[in-house]
Amino acid sequence: MKKIEAIIKPHKLDEVKEALNALGVAGMTVTDVRGYGRQKGHTEIYRGAEYTVDFVPKVKIEIVVDDDIADAAEHAILMTARTEKIGDGKIFTYDCAGAIRIRTGERGPEAL
Amino acid sequence: MTEFNTGDTAFMLVCSALVLFMTPGLALFYAGMVRKKNVLSTTMQSFFAMGLVSVLWALVGYTIAFGSADGPMGKFIGTFDKVLLKGVALGASGVEGHLYPESVFAMFQGMFAIITVGLITGAIAERMKFKAYVIFAAIWVLVVYSPLAHWVWGGGWLGMAGLGALDFAGGTVVHIASAAAALAAAIVLGRRKDYGSAAVQPHNLPMTILGAGILWFGWFGFNAGSELAADGVAGSAFMVTHLAAAAGMLGWLIAETIQHGKPTSLGAASGAVAGLVAITPASGFVDAGPGLLIGLAAGVACYFGVQLKNKFKLDDALDVVGIHGVGGTLGALLTGVFASKAINSLGADGSFAQLGKQALGVAVAWVFSFVVSFIVLKIIDATIGVRVDAEAEETGLDLFDHAETGYVL
């Protein structure tokens, strides 16, 4: 199993979700996050004073998938979250050591 | 039985309620501009004034401001014949043909005292101890606000019964007095830890804009009601109040767009308030054209006014000085230029002489309120301290002072 963690632009969330659904990914966890990378922040103006805001709002999605669709899932996120502008985000993939469905106690890929 | 004019009575009752409504509006206006960890602290500073000031006003504030101006000290302080609103329930206010109950007048004026105290709190946001604020507010309303109201409106030495400085609805008594106190407070308190960084950005601007809208709405009671009768001057004051707010919004946004390229929503709200502040002293004395001009000038002047604090490195957190100080001063001076006896026969015509009287009124309000506020704050600081410690400031005043949080998320 692989865990895929992707930091993406918030408005791309629906498209990414649809693409992963189409691959049969059965669930995901989404978190509103703030961060910066090469995009850096932006400027906000309050009563004539400019402030640099370093942290940009992003969405983090986390999914765990069986090995055989991991590459396809990664690719689906890559293609749907991409706008080719700075700040599109990152995808991180990890080996996942275990998974348990709490309701039934099923383990491994059956739990996904 | 006194023959009350029912039209005037109904009008003044409604205006009193409108002025009260400005204070929760102010609470929203200010609270949206602070960080979410201080939203209740800032809200409480305004809202609590409705409790504290009302009680003090009934006990002695009213009689200091509007007790009899006869007697040796009458030009400086009202006599204590109306302590605990003695006789007010049966009294009459207004002129012949426009009489209404004195109880209504006492409440109308009390609402002014409340919001004036509330206005100061923009400067102390996010770092003043609630206990220290309560003590300051209680002293301030009795030793600064009430005497100043007496000088200008209560038959004292500064207003139309004395030197003849015109202040229709409170440019000096309300706006300059609160701004001078705010300046003193910003100096005594010092800067917030995060002053000047992006960490202090407003947490809820829709709240601020709603607050500005409520202020605008309530201001009709504030200015038109200050005619103290439902007549032509009240109508004219209502009209120029609205026009100045509108022009103030445009003035601010034009200046802002030229300087930064973007018109901001906070700028629209601030500009409208700036216009309202500046028209306040002029409202019953000027025509529509000057009303528009005063509002427009205030929008531009206050936009640059709020940026002064960055030069002086003063943390007047929510710009009481930049908006109420600059706007109030500009409005009071322009009243001396644009006042017209055709609009209000009891006023004056604009002239150099009148401008001089206005400048004197402005200077007195600034100096008196600043000096007394500064001394009172220094005494409070030396005894119980005015400022929360660094840890409480970091955690937020909502938890530290009130054991609450504004939002669960």
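**Notes on chain A and a helix pair in chain B**

1. Reading chain A from the N terminus, you will meet its elements in the order β-α-β-β-β-β-α-β. That gives chain A two helices and six strands. Please keep in mind as you read on that this is a predicted model.

2. How spread out is chain A, set against a compact globule? The globule rule gives 13 Å for 112 residues, and the radius of gyration of chain A is 17 Å, well over that value, so chain A is more spread out than a compact globule. Along the principal axes, its C-alpha atoms fill a box of roughly 60 × 30 × 20 Å.

3. Two further figures help to picture chain A. Of its 112 residues, 17% count as buried. Among the contacts between residues at least 6 apart in sequence, 69% join residues that are at least 24 apart.

4. Over in chain B, have a look at helix 7 (residues 232-260) and helix 8 (residues 265-279), which pack with their axes 6 Å apart and at an angle of about 135°. That angle makes helix 7 of chain B oblique to helix 8 of chain B. The crossing of these two helices of chain B is right-handed.

5. Which residues make this contact? Helix 7 of chain B contributes, among others, B:Val240, B:Ala244, B:Gly248, B:Trp252 and B:Glu256. From helix 8 of chain B come residues including B:Gly267, B:Gly271, B:Leu276 and B:Ile279. Sorted by class, the contact between helix 7 and helix 8 of chain B has 13 nonpolar, seven polar and one charged residues.

How values were computed
Residues are numbered from 1 along each chain as its sequence is written. Chains are lettered from A and ligands numbered from 1 in the order in which they are written. This is a predicted model: local features need pLDDT of at least 70, side-chain atom pairs count only at pLDDT 80 or more; totals for chains, interfaces and linings use all residues. Axes are lines fitted to C-alpha atoms, for helices over the stretch in contact, and angles run from 0 to 180 degrees between N-to-C directions. Helices (H or I, at least four residues) and strands (E, at least two) are DSSP runs, numbered from the N terminus. Angles under 35 degrees count as roughly parallel, over 145 as roughly antiparallel, 65 to 115 as roughly perpendicular and the rest as oblique. A crossing is left-handed if the near helix is turned anticlockwise from the far one by less than a right angle, and right-handed if clockwise. Two residues are in contact if their C-beta atoms, placed from the backbone, lie within 7 Å. Ala, Val, Leu, Ile, Met, Phe, Trp, Tyr, Cys and Pro count as nonpolar, Asp, Glu, Lys and Arg as charged, and the others, Gly among them, as polar. The radius of gyration is taken over C-alpha atoms; the globule rule is 2.2 Å times the number of residues to the power 0.38. A residue is buried if 20 or more other C-beta atoms lie within 10 Å of its own, exposed if 12 or fewer, and partly exposed in between; C-beta atoms are placed from the backbone.
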